[in-house]
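Biologist: Please take a close look at one part of this model for me, and set it against the rest so I can see where it belongs. Some idea of the confidence first would help.

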Amino acid sequence: MRITGVLLAAIGAIALGGIALHRHEPINALWIVTAAVCIYALGYRFYAAWVAARVLSVDASRATPAERHDNGRDFVPTHRWIVFGHHFAAIAGPGPLVGPTLAAQFGYLPGTLWILVGAVLGGCVQDMTILLLSVRRDGRSLGQMARDELGALGGFAALIGTLLIMILIIAVLGLVVVNAMKHSPWSTVTVFATVPVAMMVGLHLRHLRPGRILEASALGLVLVLLAVWGGGWVDAHPLLRTVFDWPSLPLAGFVVAYGWIAAILPVWLLLAPRDYLSTFLKVGTVTLLAVAIALLHPEIRMPALTSFVDGHGPLFGGKIFPFVFITIACGAVSGFHALVASGTTPKLIASEADVRLIGYGSMLLESFVAIMALIAATLLDPGVFFAINSGAGVVGSAPAVAVHTISSWGFPVTVQQMQRLAHEMGERTLFARTGGAPSLAVGMASIFGRTFGRGFLSVWYHFAIMFEAVFILSTLDAGTRVGRFMLQDLLSHVWAPLGRTSWYPSVLLSSTLIVAAWGYFLYIGVIDPNGGVNILWPLFGIANQMLAAIALSVATGILVKSGRARYAAVTLLPLAWLALVTTVAAWQKVMSADPQIGLLAAARGLSARLAAGTLAEPAAAVAPQLILNQRLDAWLTGLFTAILWLVILDMGRVCLRRLRGLPVAGSSEVPYQAAHPHPLALGGRVPQEGA
Amino acid sequence: MRICGTLPGVLRRGVTAAAGWLRALSGDDAYERYLTHHARAHEGAPLSRRDFYARREAAKWSGISRCC
């Protein structure tokens, strides 16, 4: 084992050295993949094992909630690889695909390093720690643990943070789908067709052949692949294509209407079957991408660092510090994972010994997905990458102007090149398709096309768009539903009947409020000439890192309270780093005088130009709404920071009291019970009396 | 457990094992597992296949089971 470790360290060091030394010439993606795999293996073998054994005192002889409360439904002791699969499918959404693509504007190096270091020392540790703490507390949620261990403030902060983050992520992901579909009949038809396909799968699972998940999913997969092909057929049809050729605003209207209908329909009809499809597509496509990158080992064309590290990047404003750490949340550290790790997963864990594989291991795999997304973004010609991802408000809406601007940054690109690429991908234009999904789809299509046959580039492109859209819409459905439950929980304090999750008036009211909230941000994003993603994504990143900091505060507080203060640095260091980057980023987003970064400065600048009458007509019409939104976003950012520091200070107060020997809230850990000694085989179960 | 065998035998065992994993991962075999659990731990008639999946889905989607 020690020899393997040394060997891994050596290979990892050589690969990292390779990345570092190739600074001024294109490097091969294989260097990045090798460095990543070695760092993951070392992190898992040594750091995770040490944290699990020494810091968390993982004890395989201790009975887990799945064993103690086994009821055959939600508490079920399950084989660790099966739980790994479920947990990975739950944590890995579109986040690790979009964030690294946007952060590629700084070059490939900053994103790569942060994804690797952030995951091994931060994100994986957070996921594993929260998972174990929840296992020790009968599968309690992060909010409940915060309330029990720190106090009412922590619990309330976690609830508000989760609700806001849900609204922001749905809005920004909705925007990503809208930008992929605008004026693209092929994408629109394919994405729309996934809705009836999911409903057919749902009807099959409910009425025709209940619970035959594999069979129904196989049927659904064939149908969505037909939808990709069918979209191409519609696109080639001169009359039909005009029926599905829509600008952003009506498409956003469709997404909002879809979200509202999905939220009030029963889950079996749309949400659950869509999720089966998206899980199969996600696992299948990610595997295919890994195989294709290994076979093709493409060259990375993006430089290691671009001049945009100074803060004037076209995708979003802000210097490399702190904004690379905000832009890439999922894939490095994602606070949202703490909610999943304290939700369904802890109720399935058969033995505490499994938390390293499930908590730390699943996050490593998500980090690897982020690395692949980064590779897919950076293997494009940088000029092409910036032409796809820069909003018309930044580089100009006329193609000739846009290519001139982008070429003047030192990333040559021509109109002919963009037209040829759009034609190959089966699109009219790829200019200003902000949000990351289209450029990722171009990257994936070129990887798949070069590996598995060049002829089908346009089919691969739309397959990639469909793949991203399917699980973005899954997140949208599931998020709206969870948001609705949280809102109902909050509203029940105002009037008790509103808390009844199956009372239809309350369902309608709370679903409408949640959809209206994210629909507002989506609408503003669509009318924003800079693309909207540049404002919404950093806001989401700040919210997600704030949630991670809350989770790490809970973990640190529990470590100190349980007499393990000497190990508290394991969660305290990532917490300190996240608190630093989040606070600095929030400060700059609110206070910076640079209108590309500071929300208030942007609002002031826009107001002045509106008052002076120097805005052209379409921009002048939407300016008042943009100004209002920028001010609202500034307040939201301030609120996030305030919540974050309140939780940190509360955690500090509890820790100080404990260290001084003063009384603190008791531990909510369930007392030790011995686990049944029988090992759990696949399909086997731990015998026990009653449930 | 036999390590070696005829090629079709090995293939068949491999396919069976893979199908078992796929069923377990997707939840396709959840009802069979529930029946085993019910027979061991409870009295009375178990839920029907349809009702079992309906309850399972309702439980799965009433909490946070998907991330960004």
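Modeller: Confidence first, then: pLDDT is the predictor's own confidence in each residue, on a scale from 0 to 100. You'll also need the helix rule: helices (H or I, at least four residues) and strands (E, at least two) are DSSP runs, numbered from the N terminus. In chain B, helix 1 (residues 7-26) has the highest confidence, with a mean of 91, and helix 3 (residues 49-60) the lowest, at 89. Chain B has a mean pLDDT of 87, and 94% of its residues reach 70 or more. For the model, ipTM comes out at 0.89 and pTM at 0.94.

Some bookkeeping: this is a predicted model, so local features need pLDDT of at least 70 and side-chain atom pairs count only at pLDDT 80 or more, while totals for chains, interfaces and linings use all residues. Residues are numbered from 1 along each chain as its sequence is written, with chains lettered from A and ligands numbered from 1 in the order in which they are written.

The part I'd pick is helix 22 of chain A, residues 457-491. Let me set the scene. Chain A holds 27 helices and two strands, and its C-alpha atoms fit a box of roughly 70 × 65 × 60 Å along the principal axes. Its radius of gyration (over C-alpha atoms) is 25 Å, which agrees with the value near 26 Å for a compact globule of 691 residues; that rule is 2.2 Å times the number of residues to the power 0.38.

Now, what does the contact with chain B look like? It takes 40 residues from chain A and 31 residues from chain B, where a contact means C-beta atoms, placed from the backbone, within 7 Å. Helix 22 of chain A gives the largest share of chain A's side, six residues. Helices 4, 10, 13 and 15 of chain A are among those that also supply at least two residues each. That side of chain A splits into 21 nonpolar, 14 polar and five charged residues. (Nonpolar here is Ala, Val, Leu, Ile, Met, Phe, Trp, Tyr, Cys and Pro; charged is Asp, Glu, Lys and Arg; the others, Gly among them, are polar.)

Helix 22 of chain A also carries A:Leu476. This leucine counts as buried because it has 30 C-beta neighbours inside 10 Å. Buried means 20 or more other C-beta atoms within 10 Å of a residue's own, exposed means 12 or fewer, and partly exposed is in between, with C-beta atoms placed from the backbone. Leaving out residues up to four places away in sequence, A:Leu476 touches A:Ile170, A:Leu173, A:Gly174 and A:Gly259. By contrast, A:Ile14 is 462 residues away in sequence and 42 Å away in space, C-alpha to C-alpha.

Stepping back, buried residues make up 58% of chain A. Of the chain A contacts with a separation of 6 or more, 80% join residues 24 or more positions apart.

One partner on the interface deserves a look too: helix 13 of chain A has 26 residues and spans 36 Å between its end C-alphas, close to the 38 Å expected at 1.5 Å a residue (1.5 Å times one less than the number of residues). Just after it, A:His297 takes a positive phi of about 25°.

Technical notes:
Contact = placed C-beta atoms within 7 Å.
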